[in-house]
Amino acid sequence: AVLREEFCCLPPREHVEHRERGERILVTFGGTDPANLAVTVASSLAPYVTRVIRPADNVSVARAMRESDLVITGQGRTVMEAAATETPCISIAANEREARHVRIPGVTYLGLHATVPSYVLNHAVTETLQSRALREEMATTARAQFDDRGADRLARAIESLVL
């Protein structure tokens, strides 16, 4: 995967400890969020959610993820960004195209947003927040899928076609 620079070569998550019980949830559905899923999901989890990042927000998403115990996002690139930050992630596909994206081990995938009842989302969030061991396993498993060299491999592949 080719990730934005702020997500490359981050220090290991142990510098940002997993708390015994998770408390901080970041909700973001990527760069456009035409269905306004961030607000919809955040509203259904109101007592838990501590931050919602919308497309127009000018913030360091990597920092916001590192400060969170759980990320809830779409099934696009943001899942890979959460994995790079070693932050546990629950993903919900925003559309049919995202529903066909590759599933990353360690990420809890709930399905297409129109088919995910709020009680399923609430259960997944509660279970994840209550278990430090589960959050650590999710984060470690997802992070192991990336080596921070995706951009280098892509550049070499392009160079081999040009040269």
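A search of the whole structure, which I should say at once is a predicted model, finds 4 salt bridges, and I would like to take you through three of them before turning to an aspartate without one and to a pair of helices.

Let me begin with arginine 24 and aspartate 69, whose side chains meet in a salt bridge with an N to O distance of 4.0 Å. Arginine 24 sits in the segment before S1, while aspartate 69 belongs to the loop between helix H2 (61-66) and strand S3 (70-73), so this pair ties together parts that are 45 residues apart in sequence. The two partners can also be described by their accessibility: arginine 24 is partly exposed, at a relative accessible area of 30%, whereas aspartate 69 is buried, with a relative accessibility of 0%.

The next pair lies in helix H3 (residues 77-84), where glutamate 81 and arginine 77 are 4 residues apart and therefore separated by about one helical turn. Their closest N and O atoms are 3.3 Å apart, and they form a salt bridge. Here glutamate 81 counts as buried, at 2% relative accessibility, and arginine 77 is partly exposed, with a relative accessible area of 43%.

The third pair is arginine 63 with glutamate 67, joined by a salt bridge of 3.8 Å from N to O. Arginine 63 is exposed, its relative accessible area being 57%, and glutamate 67 is partly exposed at 38%.

Now, what about aspartate 33, which lies in the loop between strand S1 (25-28) and helix H1 (37-44)? This residue is buried and yet has no salt bridge, the nearest side chain of opposite charge being that of arginine 54, 6.2 Å away; since a salt bridge needs the nitrogen and the carboxyl oxygen to be within 4 Å, that separation does not qualify. Leaving aside residues up to four places away in sequence, aspartate 33 touches Ala38 and Pro55.

Let me finish with helices H5 (residues 118-130) and H6 (residues 132-143), which pack at an angle of about 100° with their axes 5 Å apart, and are therefore roughly perpendicular to each other. From H5 the contact draws on Glu127, Thr128, Leu129 and Gln130, and from H6 on Arg132, Leu134, Arg135 and Met138; by character, these residues divide into 3 nonpolar, 2 polar and 3 charged.

Also in helix H5 is serine 118, which is partly exposed at a relative accessible area of 45%. Its C-alpha atom is separated by 6.9 Å from that of serine 44, although the two serines are 74 residues apart along the chain.

How values were computed:
Residues numbered from 1 in each chain as written. Predicted model: local features only at pLDDT ≥ 70, side-chain atom pairs only at ≥ 80, totals over all residues. Heavy atoms only, no water. Axes fitted to C-alpha atoms, helices over the stretch in contact; angles between N-to-C directions. Helix = DSSP H or I, 4+ residues; strand = E, 2+ residues; numbered from the N terminus. Parallel < 35°, antiparallel > 145°, perpendicular 65-115°, else oblique. Contact = heavy atoms within 4.5 Å. Nonpolar A, V, L, I, M, F, W, Y, C, P; charged D, E, K, R; others polar. Buried < 20%, exposed > 50% of the residue type's maximum accessible area, 1.4 Å probe, protein only. Lys, Arg positive; Asp, Glu negative; His and termini not counted.
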